[in-house]
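Reader: I've got a new structure open and I'm not sure how to read it. Can we go through it together, one question at a time?

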Amino acid sequence: MLRPFCRSLFRQRRLFYCSGAARQEASNAAIETQEDEDNLQDSLRRQRKTEWKRRQGGQSFLDNLIINVRGGNGGDGCVAFHREKWKPMGPPSGGSGGRGGDVYILPSPNLTSLSSIPKRVRGAAGGNGQGTWQNGKNAPPTIIKVPLGTVVRELLPGDSRRAKDEWEAEEEGLEGLSPEERHAKLRDNRWVHYPRYADDNVNRDVFKQAEAALYREERARRWARKQRLLSPINLDLDKTGEVVISDDAPLGTGQQEWLGHIVARGGNGGLGNPHFLSPISRSPKFATRGHEGERLTLYLELKILADIGLVGMPNAGKSTLLRALTGGRAKTEVAGYAFTTLNPIVGVIRVAEDGTFEGALQGENIFDETAIEEERLRERELSDVGHFQERLRLEDNSLDSPRPDIEPGHDFDVHETFRFTVADNPGLISGASENVGLGHSFLRSMERSLALVYVVDLSRPEPWDELRDLKDELEKYQPGMSDKAHMVIANKADLLGGEGDQDAVEEARKKLGRLEEYVKTEMIVKTPDGERILDVIPTSAKMSQNLKKVVVLMQKYVQQARTVKV
């Protein structure tokens, strides 16, 4: 009696332990699920806060967007019979419906933001068929224009941001209906009946056969749609395209315009009642409705296409540098607080054969904070004499005196031999790879740059620490991204000109020497040909000092990168 009792007690104790372990595992899983949910909510909250901040001050730049796209619905077929004098009982003459419009996505070099794209895009519907064998008009295509550098991805089932497709939307509309009501609604969505003949049609064997054929075709379309989800849309729109006409094309074939990449196809038009004419059905009184267009949800992500990307901490002087390089044409916000730049700004640098760049010819050689410059502009407008004296002062402060025989604008077109673009991006802080600060919004715009240039503030105590943080964040976001770096610009190096307190000048020179030594030892870039050491260039963007050397080196980097890319 004792042994069976002990075995029973041991079995109960083992079951207790097992159930306790299962409860513990379930509890741990629930805790992990809650933590994941909290992390997701925190990430979404930070993203909303970032997007809100980036839209302050009337700025409309947008670099990521989710849009719902629907192809156009096909037009309905027509139920009609031919009537003319001496022929009161003519044959069926209903036309078929037109095809719904397809939706294309077209990269355009004239756009710089996704802000002009609507969140809901619907293709045009095809025209309905009419009597006397008149088919409906096919709808024209709908084109979504996006900036070059946009990445397009289709959201798959299971993503909470995805809208329902055409089949899921129909199932949702049938919820809560009885089987009879459900069947009646399905028929109403697919068939067009001659007036007062709906009840008579559904009882005829001819209609039942046509309905069975329609459902077979529908099942094939459902299967084809599911198969398409196995290879979802994933486009990288980094260049424009064109339609290539084959050499074997017939003589006189016209040039066709490239519409872009098709993302949603329009529905086919419905069939008119002549399609159901048969030896046993001489006057079919039913036609089909047009098919619905494809529905899908796309995620658009803009990655700025700039030749040179400026990488730096907040308040390092990137905006001032871009304004100095473009002669003030790049309208960037400059102020004495962090995160003045909230959205990427691209400027164009035009270079002559001797290295002269257009920005040096604009007449502006001192670039101060935006508020100060606006006040200075107002003073110029009030006094012509003050304007003249200001021009004289700026000319006296010019260190890189440009050639007098070249003027900016149209005159520079004759002398231009090379041009490239430079992107001023929001400041990068520690933790940006984890989406801290502007985070991914900044790093996303850096991926496409042919070359990166670090910008550090030489007036800060330890600018080499900034370099280390910048490189680490680039590597955390995308391994190998820091290998694009070619130059370190030591900005705010005004004291290196020798003016001012000699102790401060000597300290600035020592700091520059230590920065150069750090770059030679810690910032070496591995290349297939060996190792590359970054160039260190001291500049003062505010005073337009040493910018010609910067432009010459940037031109060299872009030429090398474009050669490798080709």
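Reader: Which residue in β14 is the bridge partner of G309?
Author: Keep in mind that this is a predicted model. Strand β11 (residues 308-312) and strand β14 (residues 451-457) pair in the parallel sense, over five bridges. Within β14, the partner of G309 is L452.

Reader: Which strands are the edge strands of the open sheet with the order β12-β13-β11-β14-β15-β18?
Author: That sheet has six strands and mixed pairing. An edge strand here pairs on one side only. The twist averages 25 degrees from one strand to the next. The edges are β12 (345-352) and β18 (535-538).

Reader: At about what angle to β18 does helix α12 run?
Author: Let's look at the helices lying across the strands. Helix α11 (residues 463-477) lies across β11, β14 and β15, at about 145 degrees to β14. Helix α12 (residues 502-522) lies across β14, β15 and β18, and its angle to β18 is about 160 degrees.

Reader: Which residues are on the covered face of strand β7?
Author: In a regular strand, side chains alternate between the two faces of the sheet. In β7 (residues 234-237), the uncovered face has N234 and D236. The covered face has L235 and L237.

Reader: And what is the bridge partner of R153 in β7?
Author: Strand β5 (residues 150-154) runs antiparallel to β7, and four bridges join them. For R153, the partner in β7 is N234.

Reader: What word describes how α2 and α5 lie to each other?
Author: Two packed helices are described by the angle between their axes and the distance between the axes. For α2 (residues 166-173) and α5 (residues 205-228), the angle is about 125 degrees and the axes are 11 Å apart. An angle between 115 and 145 degrees is neither roughly perpendicular nor roughly antiparallel. So α2 and α5 are oblique.

Reader: How many charged residues are in the contact of α2 with α5?
Author: From α2 come E166, W167, E170 and E171, and they meet E218, R221, R222 and R225 in α5. One residue of this contact is nonpolar and none is polar, while the charged ones number seven.

Reader: Does R295 count as buried or exposed?
Author: R295 is found in strand β10 (residues 295-302). R295 touches several residues farther off in sequence, including E166 and R225. Its relative accessibility is 17%, and the cut-off for buried is under 20%. So R295 counts as buried.

Technical notes. Residues are numbered from 1 along each chain as its sequence is written. This is a predicted model: local features need pLDDT of at least 70, side-chain atom pairs count only at pLDDT 80 or more; totals for chains, interfaces and linings use all residues. Side-chain values use heavy atoms; hydrogens and water are left out. Axes are lines fitted to C-alpha atoms, for helices over the stretch in contact, and angles run from 0 to 180 degrees between N-to-C directions. Helices (H or I, at least four residues) and strands (E, at least two) are DSSP runs, numbered from the N terminus. Angles under 35 degrees count as roughly parallel, over 145 as roughly antiparallel, 65 to 115 as roughly perpendicular and the rest as oblique. Contact means heavy atoms within 4.5 Å. Ala, Val, Leu, Ile, Met, Phe, Trp, Tyr, Cys and Pro count as nonpolar, Asp, Glu, Lys and Arg as charged, and the others, Gly among them, as polar. Buried means under 20% relative accessible area, exposed over 50%, partly exposed in between (1.4 Å probe, protein chains only). Two strands pair if DSSP finds at least two bridges between them. Lists of a residue's contacts leave out its neighbours within four places in sequence.
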